[in-house]
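Biologist: I'm new to this one and I'd like a close look at a single part before wandering any further. Could you put it up and walk me through?

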Amino acid sequence: MDSEKLTRKYYSKIITLPSTKILLPLASVESIAVVIRSLIVGFDLLYSFLIYAVAISLIFWNKYRSTLFFFSFFPIIYIIFSFFGKVYLFTFGTLVPLTNYAMLIDHRDITAVGLSTLIAILPTLIYPNLWFILFPIVVGVLSFLYISSINRKGRKIMGISSMSVLRPFLRAISYKKDNEVESFLSKISIPSLLNVMVLRLNDIYIILPQIHFGLYGKVGSSFFPYLFEESLPKSFVFHGPGSHEIDLPSLKETKKVVEEILSNIKNMEKISFGEIETEEFDGFRATSIIFDNISLSFLERPNGGIDDLPGSLWTTMVERKDFIVDCHNQTLKKEIGRKERDEIRNFLGRKVKFGGNKLRIGYAEGKLEGCEGYCNEKIKVLTFISENKKTSIVYVFANNACEGVREKIRENASDLTDAILVTPDDHTCTASSLGNLYQPATLCPKLITESRRLIEESLNNALEVNDAEFKMIKIKTRVLGKVISSLTEGLEKVGSYAIKTVWIPIALPYLVLALFLIAETFIKI
């Protein structure tokens with residue numbers, strides 16, 4: 001199951017609240033409308049409204065947008081209900097599910113339901129009637145049963161209740177409490193021995209770790225490429241095969257791994273350059289930098305997109321010293337299955353390694369401004385030049401790229417070089433806020449012009465490689481492991497269930513209200 005694809009799917013389902021500039025005027029106008037309406041029907045309408053306003057404000061005292069959100073739509077329903085006598089006192093009970101869900105971020109399920117039910121009861125006490133008190137209690141119980149059904153599905157699939165998994169992430173996004181997420185991830189992580197390939201060409205370092213750069217922000221191993229930027233400015237950290245199962249659980253663990261890699265970049269094996277070759281097979285396009293003892297191939301998938309190659313390829317890569325960079329430069333349109341995986345494995349075994357030819361490399365870096373979908377404004381170009389071919393790697397800090405970006409860069413520099421767009425699957429700006437959850441690199445004019453300028457600069461300053469070295473480093477660390485597959489499966493099934501049944505908590509209060517109104521006409525309490 002593709003954890004990356006599913007994560008993106010459900011990122012898009014998270015609801016974001018409108019801005020304060022929109023909510024504040026709405027809440028103010030509608031609250032004034034309640035005051036005006038109370039002058040007509042009586043001040044009980046206003047008193048109940050004020051009690052509810054105080055209760056909501058106290059509950060969400062540190063979440064002012066949530067408070068404004070309630071007062072941007074609740075008064076409309078309240079005023080409509082006021083045309084039917086004291087029925088308006090049922091309005092508070094209809095809000096129990098919504099209030100409950102907003103509280104689930106901070107409170108356990110039973111506490112959230114209890115508080116949302118209590119603040120719905122308080123305004124009704126101004127006009128004592130058992131029906132008005134019973135209504136929010138019944139809605140609260142039914143809401144709790146619905147949430148319990150979602151939690152049961154999580155426990156059945158993952159062994160953990162759905163809210164236990166979801167709550168740390170929602171709190172992290174809402175309050176920037178990344179430590180809660182990392183604490184959860186550390187508990188479920190497992191020990192692992194990972195491979196890191198390091199290639200040095202003059203003063204350029206190329207790092208290909210058996211690590212996925214997730215989950216988001218600085219959580220997990222998302223910040224891995226940036227840590228190398230700080231220590232080795234002329235370094236390129238590429239994304240290899242594998243997905244979230246090889247995420248590190250915390251930034252602390254990531255820093256530890258980076259320090260260990262840096263301390264082991266010594267006593268490396270001398271290698272000799274052979275050639276640059278491009279090969280197409282089964283919908284893939286591979287550009288290989290071949291040495292006498294190793295090869296490094298930049299893998300693209302022009303028509304199907306490429307996104308997290310199978311992690312099992314690492315075994316073959318290490319055995320044959322043929323390494324693949326997942327260019328991550330076109331959003332996935334067609335899944336990579338067993339057939340494609342076998343074709344990639346066959347490709348790794350059929351390259352001929354040779355040495356003795358000359359290689360020149362050129363480096364240049366610039367800045368992107370005003371482009372959407374880029375986690376960092378920095379753009380770097382690394383150009384490889386042999387006697388027969390020129391290849392330029394255009395490296396941007398993004399999480400994949402929109403349709404047409406890869407092709408436009410390639411086309412715009414076709415008279416200079418074979419340009420290949422590469423992203424490290426950067427998750428540092430994924431889920432950074434509830435309004436900006438996932439955006440691949442967009443087709444930005446500045447990117448096109450700047451990439452060509454930097455390619456020209458790298459060609460002009462290219463120098464012969466006199467010192468080429470390679471090393472495989474083994475790192476003991478902790479990763480999320482196969483448990484992420486269970487979490488992904490849980491996300492898929494629980495998420496699907498929640499989306500299909502989302503109408504239940506929305507419609508349920510009104511169905512219960514209809515039954516209460518019918519019962520009230522026959523039973524006087």
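At what angle do helix α6 and helix α8 pack, and how far apart are their axes?

Modeller: Happy to, and keep in mind that what you're looking at is a predicted model. Find residues 96-103 for α6 and residues 130-158 for α8: the two helices pack at an angle of about 50°, with 9 Å between their axes. That angle makes α6 oblique to α8. As for handedness, the crossing of α6 past α8 is right-handed.

Now zoom in on the residues that touch. From α6 come Val96, Pro97, Asn100 and Tyr101, and they meet Pro136, Val139, Gly140, Ser143, Tyr146 and Ile147 of α8. Sorted by class, that contact has 7 nonpolar and 3 polar residues, with no charged ones.

Between those two helices in the numbering sits α7, residues 109-121. Its length is a nice little check on the model: at 1.5 Å a residue, its 13 residues should span 18 Å, and the end C-alpha atoms are 19 Å apart, so the two agree. Plenty of α7 is tucked away too, with Asp109, Ala112, Val113, Ser116, Thr117, Ile119, Ala120 and Ile121 buried.

For another helix pair, go back to α2 (residues 20-41) and α3 (residues 44-59). These pack at an angle of about 145°, and their axes are 7 Å apart. On the α2 side you'll see Ser31, Val34, Val35, Arg37, Ser38 and Val41, which meet Leu45, Leu46 and Phe49 in α3. The class count for this contact is 6 nonpolar, 2 polar and 1 charged.

Let's step back for the whole chain. It has 525 residues, and 54% of them are buried. You can count 18 helices and 16 strands, and the C-alpha trace spans about 95 × 45 × 40 Å along its principal axes. Of the contacts with a separation of 6 or more, 77% link residues 24 or more positions apart.

Tyr510 gives you a concrete case of parts meeting from far along the sequence. You'll find Tyr510 in α18, residues 503-522. Leaving aside residues up to four places away in sequence, Tyr510 touches Ile77, Phe81 and Thr94. Phe90 is 420 residues away from Tyr510 in sequence, yet their C-alpha atoms are 9.7 Å apart in space. Tyr510 isn't buried, though: at 37% relative accessibility, Tyr510 counts as partly exposed.

Val139, which you met in the α8 contact, also gives a sense of scale. Its C-alpha atom is separated by 52 Å from that of Leu368, and the two residues are 229 apart along the chain. Leu368 sits in the loop between β11 (360-367) and β12 (374-385). Being in a loop doesn't leave Leu368 out in the open, because its relative accessible area is 2%, and that makes it buried. Around Leu368 are Tyr374, Glu377, Ile379, Val396, Lys446, Leu447 and Glu450, all touching it, again not counting residues up to four places away in sequence.

Next, have a look at helix α10, residues 178-188, where Asp178 lies. Asp178 is partly exposed at 27% relative accessible area, while Asn179, also in α10, is exposed at 55%. From Asp178 to Asn400 you'd travel 222 residues in sequence, and the C-alpha atoms are 24 Å apart. Asn179 and Asn376 are 197 residues apart along the chain, with 23 Å separating their C-alpha atoms.

Last, a few backbone oddities. Most residues other than glycine have a negative phi, and most peptide bonds are trans. Against that background, Asn202 has a positive phi of about 55° without being a glycine; look for Asn202 in the loop between β1 (190-201) and β2 (204-209). Asp308 isn't a glycine either, and its phi is positive at about 60°. Asp308 belongs to the loop between β9 (295-300) and α13 (313-320), and its relative accessible area of 10% makes it buried. Then there's the peptide bond from Gly214 to Leu215, which is cis with omega near 25°. Leu215 is part of strand β3, residues 215-216.

Key: Residues numbered from 1 in each chain as written. Predicted model: local features only at pLDDT ≥ 70, side-chain atom pairs only at ≥ 80, totals over all residues. Heavy atoms only, no water. Helix = DSSP H or I, 4+ residues; strand = E, 2+ residues; numbered from the N terminus. Expected span 1.5 Å × (residues − 1). Buried < 20%, exposed > 50% of the residue type's maximum accessible area, 1.4 Å probe, protein only. Axes fitted to C-alpha atoms, helices over the stretch in contact; angles between N-to-C directions. Parallel < 35°, antiparallel > 145°, perpendicular 65-115°, else oblique. Left-handed = near helix turned anticlockwise from the far one by under 90°. Contact = heavy atoms within 4.5 Å. Nonpolar A, V, L, I, M, F, W, Y, C, P; charged D, E, K, R; others polar.
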